[in-house]
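Me: I have a structure open and would like to learn how to read its features one by one. Could you walk me through it?

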Amino acid sequence: MLWIMRFSGLFSAALVIIVLSPSLQSFPPAEAIRSSHLDAYLRFPSSDPPPHRFSFRKAPVFRNAADCAAADVDSGVCNPSLVHVAITLDFEYLRGSIAAVHSILKHSSCPESVFFHFLVSETDLESLIRSTFPELKLKVYYFDPEIVRTLISTSVRQALEQPLNYARNYLADLLEPCVRRVIYLDSDLVVVDDIAKLWMTKLGSKTIGAPEYCHANFTKYFTPAFWSDERFSGAFTGRKPCYFNTGVMVMDLEKWRRVGYTEVIEKWMEIQKSDRIYELGSLPPFLLVFAGEVAPIEHRWNQHGLGGDNVRGSCRDLHPGPVSLLHWSGSGKPWFRLDSRRPCPLDTLWAPYDLYGH
């Protein structure tokens, strides 16, 4: 575990002090968005075989601690002792996804008990993942972009219109029925605590759990047309909605399937096509359905906004508080800034998990 002392506000004089400890420090909330600056970075034409353009070092082998349940390699995805984690894989963010997996394994007390569900819309990714993590428990699921292509409306940035951004809406359909709960994680983060702690989150009667930010200006996530029309704004009647970031969620898939939340989200996306009730991508439909009905999780599990704002991607400083997960939501991604030799101080905290190399 890492302890990171507070950074100076002057980034030119910033210093990171890292020692062993059970916590990090926290970051201010920001929107969970993908970087338009990276649209041309690590992207490959469909005619080129992408694996030849990548090279990742093989990750170390991580073993369960003595007090972990025995790892049964033949038990499969339905083993009730497994921790289930879902992450998307695409060529543009592959480097981030692999770093996220590496960080989870490194800090897990029972890494052989973590099962990864990878959602893809491109081919030739499974062999690359398996060569990087030869002993990883995993399954790759193809998400057909055509499922949502007609439902996606234009957004403030083209990156937010990518169909794979919406794959989280369909986890209950894609994953096996025996998978009753899953942790969904974005590709631009690292976990610096034991993922089993997040897995044990008590959801109670709620379908999803996530850190909430009730001091954020919730009205900005929807257009004036939304708030002026009772047909739409009335969706929050009887609720006290708060902003939450969909890049880190604990999801009760059994309850999701029973209620049919995928169809509810799709209905809001259809309304968006005709009435333009929000500007962002996959976040607002989740807010419409779940805001005010979220099981609260400690902020340490999604200290996000390290990628800066939606446009400039400026550097962010640390704020007091523990951190279990560092999230580079925003327009700046650490691998892009490190490679361009214009890193922010906090990007050095992502670098140790990077397995990319020629």
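Reply: Happy to. Let's begin with exposure: at 52% relative accessibility, Cys214 counts as exposed, because the cut-off for that word is over 50%. Keep in mind that this is a predicted model.

Me: What is the relative accessible area of Cys242, and is the residue buried or exposed?

Reply: Cys242 has a relative accessible area of 10%, so it is buried. I picked these two cysteines on purpose: Cys214 and Cys242 form a disulfide, with sulfur atoms 1.9 Å apart.

Me: How should I read a disulfide in general, and then this one?

Reply: In general, a disulfide is a covalent bond between the sulfur atoms of two cysteines. For Cys214 and Cys242, the torsion about the S-S bond is about 100°, so this disulfide is right-handed. The pair links distant parts of the chain, 28 residues apart: Cys214 is in the loop between strand 9 (212-213) and helix 6 (224-227), while Cys242 is in the loop between helix 7 (230-233) and strand 10 (243-244).

Me: How many disulfides are there, and in what pattern?

Reply: The count comes to four disulfides. With bonded cysteines counted along the chain, the pattern is 1-3, 2-4, 5-6, 7-8.

Me: Which way does the link of Cys78 and Cys178 turn, left-handed or right-handed?

Reply: Left-handed, with -80° about the S-S bond. The sulfur atoms of Cys78 and Cys178 are 2.1 Å apart. This pair also links distant parts of the chain, 100 residues apart: Cys78 is in the loop between strand 2 (18-20) and strand 3, and Cys178 is in the loop between helix 4 (171-174) and strand 6. Cys78 is partly exposed at 46% relative accessibility, and Cys178 is partly exposed at 30%.

Me: And Cys315 with Cys344: what is the torsion about the S-S bond?

Reply: About -85°, so that disulfide is left-handed. Cys315 is partly exposed, with a relative accessible area of 26%, whereas Cys344 counts as buried at 4%.

Me: Let's turn to charges. How do I read a salt bridge, and how many does a search of the whole structure find?

Reply: The general idea is that side chains of opposite charge can pair when their charged atoms come close. Here the search finds 16 salt bridges. One of them joins Arg300 to Asp193, with the closest N and O atoms 4.0 Å apart. Arg300 lies in the loop between strand 12 and strand 13 (325-327), and Asp193 lies in the loop between strand 7 (189-191) and helix 5 (195-199), 107 residues apart. Both Arg300 and Asp193 are buried.

Me: Which residue forms a salt bridge with Asp229?

Reply: Arg231, with the closest N and O atoms 2.6 Å apart. Arg231 counts as exposed, at 61% relative accessibility.

Me: Last topic: in what order do the strands of the open sheet run?

Reply: Seven strands form it in the order 5-4-3-6-11-8-12, with mixed pairing. Strand 5 (137-142) and strand 12 (295-296) stand at the edges with a single partner strand each, so one side of each has no neighbour in the sheet. Elsewhere, strand 3 (residues 83-89) and strand 6 (residues 181-185) run parallel and are joined by two bridges. Ala86 stands opposite Tyr184 in strand 6.

Me: What lies across strand 3?

Reply: Helix 1 (residues 94-107), which runs at about 165° to strand 3 and also lies across strand 4 (114-120) and strand 6.

Terms used. Residues are numbered from 1 along each chain as its sequence is written. This is a predicted model: local features need pLDDT of at least 70, side-chain atom pairs count only at pLDDT 80 or more; totals for chains, interfaces and linings use all residues. Side-chain values use heavy atoms; hydrogens and water are left out. Two strands pair if DSSP finds at least two bridges between them. Helices (H or I, at least four residues) and strands (E, at least two) are DSSP runs, numbered from the N terminus. Contact means heavy atoms within 4.5 Å. Axes are lines fitted to C-alpha atoms, for helices over the stretch in contact, and angles run from 0 to 180 degrees between N-to-C directions. A salt bridge is a side-chain nitrogen of Lys or Arg within 4 Å of a carboxyl oxygen of Asp or Glu. Buried means under 20% relative accessible area, exposed over 50%, partly exposed in between (1.4 Å probe, protein chains only). A disulfide is a pair of cysteine sulfur atoms within 2.5 Å.
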